[in-house]
Amino acid sequence: MLIQFSVSNFRSFRKRQMLNMAAGAQDKTLPGNCIELELPGVTPKRWLKGAAIYGANASGKTTIIEALQALASMVTTSAKMTDPKDRISQIEPFSFCRKGAESPTAFEVMFLTGGQRYAYCVAATQERVWHESLRTWPTANMQTWFCRQWNAELAEYDWSPERPSGFIRDTRLERDTLPNMLFLSKHIASNRTELEPIFRWFKEDLVFLDLSTRAQMGSGFTLKQIEEKTALSNRIVELLRHADIGVTGARAVEIETPKGLLEVLSHMPSELQESARKRRWVEPELVHRGADDEEFPLPWQSESAGTHRLFSLIGPWLDILQNGSTVFVDELETSMHPIMVMELLRLLFSDRENPKGAQIIFTTHNPLLLDTTLMRRDQVWFTDKDTEGEGHFYPLTDYSPRKDESLIRGYMSGRYGAVPFVPKGLLGLDAGYEVLDKEKACQNE
C-alpha cells in the first residue's frame, strides 16, 4: 500500500511535490473509498484507495506517475550496471533551469508491505547516487537500516548507522556498490534476502498502465485468461455481460499470421519469417446478442475502439483487485464512456470486490469523475504550471470546498486552477474580431 510519495528536480517539477494517501480525519463521506488500518507510530488510521490527478495538457499530471516509475525502474535494473561511468538514464532533472542538471533529483516513497511500514529515499544525478536510505517502523520507534551519503570532499560514501537495529551491515557489499548503482538492488543481486520485501514491492506490487492515445495497450493478458480458463476468465465474461455492450461471451480463436507483421518481416531474414508463420496466433472473439436472443460472434477488427480498450483493461483490472496492487493509470478514460469508468472505479472502491486494499492513482481530464458520490474531496489532486514552466502539485482540499459545492462547476470555471488559460481563444480574441469585422465590411459593400 502506498502511503506517500514525493519528488523534486524531475522533469517539470523543480521544488518538492508530494502525494499523500492519508484520508482526511474530518471527512466521513464514502467510507468504502478508505482502508481502515492502524500503523505503529502514525496518527492517521484511514488511507485512500485512490486519487485522481487533474490538470491542463503538459501541466505535469503524467510526470507524477513517471517519477515513481523512474524510481521503480532504478530499483529493478540498477544492479545490472557494470561500468561506473554509465549514466543513470532514469534521472531527468528539471527541464527549464540549467542549474537543475547539476542538482540531484530526489525521490522519497513511504509504503506498507508485509504488514510493515518503510520509507525509501534516493537522491541522484545522472552520474552518481548522492543519497540512499531505508527506514522502517516495526514498532512506533523508527529504525534506520542503512544510509549512504556521498562525501564530495573525501570522494567516498559515508555509511551509517554503525550498528543498525534489525539489519546486519555488510561492509564488503557496501564497497562493491558502484556509484551509479543502488545498494538496495546490489543487496538483492547478491542473493541477500533481508531487503527482498522492499524490492518485491517495487517490482511486483506497483503496476503502471498507460491508456493514453500514444500507447497501444494490448489485449494479451485478458486473452490469456480466457484461453487458459484461469480463475479470472469467468469474472471477465461476467463483467463484459454487465457492461451494456451486447456481449454474451468471449473466446480465443486461431487466426493466420497477421498480414501487417508479414510485411514487416518481408525485409527480415527468412528464418524469422518462417518462425512467424509457424507460430500459433490467436485473437479475441466476442459473442453478441442479436434478434430473438440469437448469438452472433464478431471478428475482433469489427469491434469498436472502446470495446477493444475495455476488453484489454478488464483482465489487468481484475488481477489488480485479486492481488491488492497499487496501480498508476495515465488517462484512465481514453476511448471509454464516463459511466463505464465510474463503474470500474466503484469496483476498486468496494470492500467486497477489493478485500486486499488495491489502490489506484490516475490522471484524467473528465470532470464528471468529480461526482461526490464517487470520489471524496481528499482524493482529488491538481497539477499546474507557472510562467517559468515550473510544475506544482496540490490537493483540492487546499481550497476547502463547501460540502454543497459543485466540484464539476468549480473545476470547469477555473476556481481550483489546473485548466488551460486561453482568454483570447486559440487564434487570439483580437484576431478573431478582425476577421469578423472584415466579413461584415464585405457584406455591407
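These are my notebook entries on what I looked up in this structure, which is a predicted model.

**Entry 1: the antiparallel sheet**

I started with the strands. Seven of them, in the order β2-β1-β6-β7-β8-β9-β10, make an open sheet with antiparallel pairing. Which strands stand at the edges? They are β2 (17-20) and β10 (156-160); each has a single partner strand, so one side of each has no neighbour in the sheet. From one strand to the next I get an average twist of 10°.

I then looked inside the sheet at β1 (residues 2-8) and β6 (residues 105-113), which run antiparallel and are joined by 6 bridges. At the end of that stretch I checked Ser 8, and found it opposite Ala 106 in β6.

**Entry 2: helices on that sheet**

Next I asked what lies across these strands. Helix α1 (residues 61-77) lies across β1, β6 and β7 (116-124), and its direction makes about 80° with β6. Helix α4 (residues 196-205) lies across β1, β6, β7, β8 (129-137) and β9 (143-151), at about 100° to β6.

I kept α4 on my list, as it turns up again in the next entry.

**Entry 3: the mixed sheet**

There is also an open sheet of 6 strands, ordered β11-β15-β16-β5-β17-β18, and its pairing is mixed. Here the edges belong to β11 (206-210) and β18 (391-395), each with a single partner strand, so each has one side left without a neighbour in the sheet. Ignoring direction, I read an average turn of 15° between neighbouring strands.

For a parallel pair I picked β5 (residues 50-55) and β17 (residues 380-385), which are held by 4 bridges. Gly 55 has Thr 383 in β17 as its bridge partner.

Back to α4: this helix lies across β11 and β15 (326-330) too, running at about 25° to β11. So I have α4 written down against strands of the antiparallel sheet and against strands of the mixed one.

**Entry 4: Asn 354**

I went to the loop between α10 (338-349) and β16 (359-363), where Asn 354 lies. Is Asn 354 buried or exposed? Its relative accessible area is 2%, under the 20% limit, so I have Asn 354 down as buried. What does its side chain meet? One of its polar atoms is 2.7 Å from the backbone oxygen of Leu 348. Setting aside neighbours within four places in sequence, I list Lys 49, Leu 321, Leu 347 and Leu 348 as the contacts of Asn 354.

**Entry 5: rings**

How many aromatic pairs does a search of the whole structure find? I get 22. I took one of them for a closer look: Trp 300 and Phe 311 have ring centres 5.3 Å apart and planes at 65°, so this pair is edge-to-face. Trp 300 is in the loop between β14 (295-298) and α9 (305-323), while Phe 311 is in helix α9, 11 residues apart. Both ends came out buried: Trp 300 has 9% relative accessible area, and Phe 311 has 1% relative accessibility.

I also noted one aromatic cluster, made of Phe 111, Tyr 118, Tyr 120, Trp 145, Phe 146, Trp 159, Phe 167, Phe 183, Trp 201 and Phe 202.

Then I looked for charges over rings. The charged end of Arg 128 sits over the ring of Trp 150, at 3.7 Å from its centre. Arg 279 has its charged end over the ring of Trp 281, 4.1 Å from the centre.

**Entry 6: Ser 302**

In the loop between β14 and α9 I stopped at Ser 302. With 48% relative accessibility, Ser 302 counts as partly exposed. I also took a distance to Phe 421, 119 residues apart from Ser 302 along the chain: their C-alpha atoms are 40 Å apart.

**Entry 7: backbone oddities**

I finished with the backbone. The peptide bond from Ser 160 to Pro 161 is cis, with omega near -10°. Pro 161 is in the loop between β10 and α2 (171-176).

Which way does phi go at Asn 9, positive or negative? It is positive, about 55°, although Asn 9 is not a glycine. Asn 9 is in the loop between β1 and β2, and at 6% relative accessibility Asn 9 counts as buried.

Asn 191, another residue other than glycine, has a positive phi near 65°. Asn 191 is in the loop between α3 (183-189) and α4. At 68% relative accessibility, I have Asn 191 down as exposed.

Methods:
Residues numbered from 1 in each chain as written. Predicted model: local features only at pLDDT ≥ 70, side-chain atom pairs only at ≥ 80, totals over all residues. Heavy atoms only, no water. Pairing = 2+ DSSP bridges. Helix = DSSP H or I, 4+ residues; strand = E, 2+ residues; numbered from the N terminus. Axes fitted to C-alpha atoms, helices over the stretch in contact; angles between N-to-C directions. Contact = heavy atoms within 4.5 Å. Buried < 20%, exposed > 50% of the residue type's maximum accessible area, 1.4 Å probe, protein only. Polar contact = N/O pair within 3.5 Å; in protein donor to acceptor, adjacent residues only side chain to side chain. Phe/Tyr/Trp six-rings, centres within 6.5 Å; stacked < 30°, edge-to-face > 60°. Lys NZ or Arg CZ within 6 Å of the ring centre and 35° of its normal.
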